[in-house]
Amino acid sequence: MTGRDNELWQQSWRDRQTDFHQKATNAHLVRFWSTLGVAPGERIFVPLCGKSLDLLWLAGQGHSVVGVELSPLAARAFFRENRMQPRRRPCGQFTLWEHGRISILCGDFFALTAADLGEIAAVFDRAALTALPDDLRAPYLAHLRRIVPAACKIMLLTTEEPEAWETADQPFAVAEEITTLYSDAFNIELHHVESAFEADPDPSVAEEIRVERKVYLLTPKPAAGSGLPAPSGRPAQADHQTGAAEPG
Ligand SMILES: C[S@@+](CC[C@H](N)C(=O)[O-])C[C@H]1O[C@@H](n2cnc3c(N)ncnc32)[C@H](O)[C@@H]1O
């Protein structure tokens, strides 16, 4: 299902085409993480982690952190650039790299099982769901749900292009996809929206494009029969800022 896409990602690491990588910890992670209410010591899953510095920041909050990443070049670069000497060993269909509180399972997200991950309290997704092509986003959300515990909370950071949906050139209705796959079991809050202008990925296009950087917080609904009311599944509305670009 993902073979061609996987090869493109592996190639982009070989070619060092990794513009998605942020040279600093994600500002929205730092600003909003405490809102999710995950205690230090609890284990966090970072799908499609690349060599993100967010792994380091989460570990610094006292969490144990497990990422999954296809490219061994990314895993190697993460530990090397952060001056860590990881242990490395086979782990089922994956290679497990680990140092201190940080582990990276190197292999295909779609081959992960709940047993590979262990007891996860929360998921941090930045540019994972939104990095995938249209036909893989629903399978990604469905698989994520299969491999994390039902009580798991999720922070999802997206960068969306409202004008692209209006012209239907690139329909990318993230909120609808999340609602379809998660609203039966999760309360979905669109916690924060920020508008910014950024360079078009196509270098021949001079004008900047307007993007919206969004923070969704997904928290499990009380189990049926708990006596608590179950709120509606549509994302609750967020605060909305317009202004200076922050990394998405
Ligand atoms: C857009 S990057 C985001 C990386 C990271 N979340 C960040 O914020 O820098 C997507 C990453 O997912 C990895 N990836 C893509 N498909 C994958 C898959 N099926 N399983 C594991 N990793 C995958 C790519 O190699 C790439 O490093």
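Start at the ligand and select the 22 residues around it, counting a residue as near if its C-beta atom, placed from the backbone, lies within 6 Å. Leu48, Gly50, Leu70, Phe109 and Ala131 come nearest. Now light up helix H1 (3-14) and strand E2 (64-69), the elements that give two or more residues to this shell. Helices (H or I, at least four residues) and strands (E, at least two) are DSSP runs, numbered from the N terminus. Colour the shell by type and you get twelve nonpolar, seven polar and three charged residues. Here Ala, Val, Leu, Ile, Met, Phe, Trp, Tyr, Cys and Pro count as nonpolar, Asp, Glu, Lys and Arg as charged, and the others, Gly among them, as polar.

Before moving on: this is a predicted model, where local features need pLDDT of at least 70, side-chain atom pairs count only at pLDDT 80 or more, and totals for chains, interfaces and linings use all residues. Numbering runs from 1 along each chain as its sequence is written.

Next, select 87-91, strand E3. It lies largely in the open, because zero of its five residues are buried (buried means 20 or more other C-beta atoms within 10 Å of the residue's own, all placed from the backbone). Add strand E4 (residues 94-99): five bridges join the antiparallel pair, and pairing takes at least two DSSP bridges. Arg88 sits opposite Trp97 of E4. Zoom in on the hairpin turn, with two residues between the strands, where Gly92 has a positive phi of about 60°.

Last, colour by pLDDT (the predictor's confidence in each residue, 0 to 100). The mean is 87, and 85% of residues reach 70 or more.

Note on methods: A residue is buried if 20 or more other C-beta atoms lie within 10 Å of its own, exposed if 12 or fewer, and partly exposed in between; C-beta atoms are placed from the backbone.
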